[in-house]
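I pulled up the model this morning and kept a running log of what I looked up. My notes are below, in the order I made them.

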Amino acid sequence: DMDEYQGALHVSAHGTLTLPCVKTAITGTCAALRRAGVVAILRAKNAAVAVERGVELVELGCTALEVTLDSTDWVSVLQQLNERVGSKCVLGIGTVMEDSLHELAVAKAAGAHFALSPINPRGFSQECRRLG
């Protein structure tokens with residue numbers, strides 16, 4: 001079902017990032033991710049360290065950060081990063097799996113503007129679009 005893949009992140013064989021955005025509400029996030037060119041991934045067992053590394057990355061010029069859902073206290077990390085650097089970079093979550101789709105709304109409330117998954121669980125794209 002191609003609708004399942006609409007809005008998903010794609011990288012061509014040449015390394016070109018494409019983000020087919022289908023809703024106006026997410027166009028800004030897609031544009032910010034294109035401009036960033038790379039998304040720094042924060043996966044940590046220590047939430048305080050994750051926040052400090054995220055802040056450091058933004059201070060070094062990173063404009064897109066992903067907090068993985070398997071990080072310790074990921075909601076707090078995302079909230080703190082949103083408070084400290086959310087105006088300077090686009091924040092999101094990663095490692096969304098079948099059993100974590102319900103976390104998308106929590107992530108949005110904590111400051112996430114995008115979500116990535118290594119497996120594209122059923123309903124993932126639709127829920128992301130629904131949440132904006």
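**Order of elements.** I traced the protein chain from the N terminus and wrote down β-β-α-β-α-β-α-β-α-β-α. That comes to five helices and six strands. Note to self: this is a predicted model.

**Whole-chain numbers.** I looked up burial next: 41% of the 132 residues in the protein chain are buried. For the surface I have about 7,400 Å² exposed, with carbon and sulfur atoms supplying 54% of it. Then I checked how far along the sequence the contacts reach. Taking contacts between residues at least 6 apart in sequence, I find that 59% join residues at least 24 apart.

**Helix H4, buried side.** Which residues of H4 are buried? I get Leu104, Ala107 and Ala110 for this helix, which spans residues 103-110. They sit on the same side of H4, because the arc they cover around the axis is only 125°. I then asked what this buried set packs against. My list has two helices, H3 (74-85) and H5 (124-131). It also has two strands, S5 (90-94) and S6 (114-115). Just past the helix, I noted that glycine 111 follows H4 and has a positive phi, near 120°.

**H4 against H5.** I took this pair on its own. The two helices pack at an angle of about 35°, and their axes are 10 Å apart. The crossing of H4 past H5 is right-handed. On the H4 side, Leu104, Ala105 and Lys108 make the contact. On the H5 side I wrote down Phe124, Glu127, Cys128 and Leu131. Sorted by type, the residues of this contact give five nonpolar, two charged and no polar. Leu104 turns up twice in my notes: it is one of the buried residues of H4, and it is also part of the contact with H5.

**Positive phi outside glycine.** I went looking for these since most residues other than glycine have a negative phi. Threonine 95 is one entry, with a positive phi of about 65°. I found threonine 95 in the loop between S5 and H4. Asparagine 120 is another entry, with phi near 50°. Asparagine 120 belongs to the loop between S6 and H5. Is asparagine 120 buried or exposed? I count asparagine 120 as buried, because its relative accessible area is 17% and the cut-off is under 20%.

**Two residues of H1.** I stopped at helix H1 (residues 24-36) to look at alanine 32. Alanine 32 has a relative accessible area of 15%, so I put it down as buried. I also checked alanine 32 against alanine 64: they are 32 residues apart in sequence, and C-alpha to C-alpha they are 7.8 Å apart. Glycine 28 is in H1 too. With a relative accessible area of 48%, glycine 28 is partly exposed. From glycine 28 I went to valine 90, 62 residues away along the chain, and got 9.8 Å between the C-alpha atoms.

**Glycine 86.** Where is glycine 86? I placed glycine 86 in the loop between H3 and S5. Its relative accessibility is 26%, so I logged glycine 86 as partly exposed. Leaving out residues up to four places away in sequence, I find that glycine 86 touches Leu81 and Leu91. I also looked up valine 58, which is 28 residues from glycine 86 in sequence and 9.6 Å from it in space, C-alpha to C-alpha.

**Serine 125.** My last stop was helix H5 again, where serine 125 is found. Serine 125 has a relative accessible area of 6%, so it goes down as buried. Alanine 115 is 10 residues from serine 125 in sequence, and I have 9.2 Å between the two, C-alpha to C-alpha. I checked S6 as well: its range is 114-115.

Technical notes. Residues numbered from 1 in each chain as written. Predicted model: local features only at pLDDT ≥ 70, side-chain atom pairs only at ≥ 80, totals over all residues. Heavy atoms only, no water. Helix = DSSP H or I, 4+ residues; strand = E, 2+ residues; numbered from the N terminus. Buried < 20%, exposed > 50% of the residue type's maximum accessible area, 1.4 Å probe, protein only. Contact = heavy atoms within 4.5 Å. Areas by Shrake-Rupley, 256 points an atom, 1.4 Å probe, with all protein chains shown as cover. Arc of directions from axis to C-beta. Axes fitted to C-alpha atoms, helices over the stretch in contact; angles between N-to-C directions. Left-handed = near helix turned anticlockwise from the far one by under 90°. Nonpolar A, V, L, I, M, F, W, Y, C, P; charged D, E, K, R; others polar.
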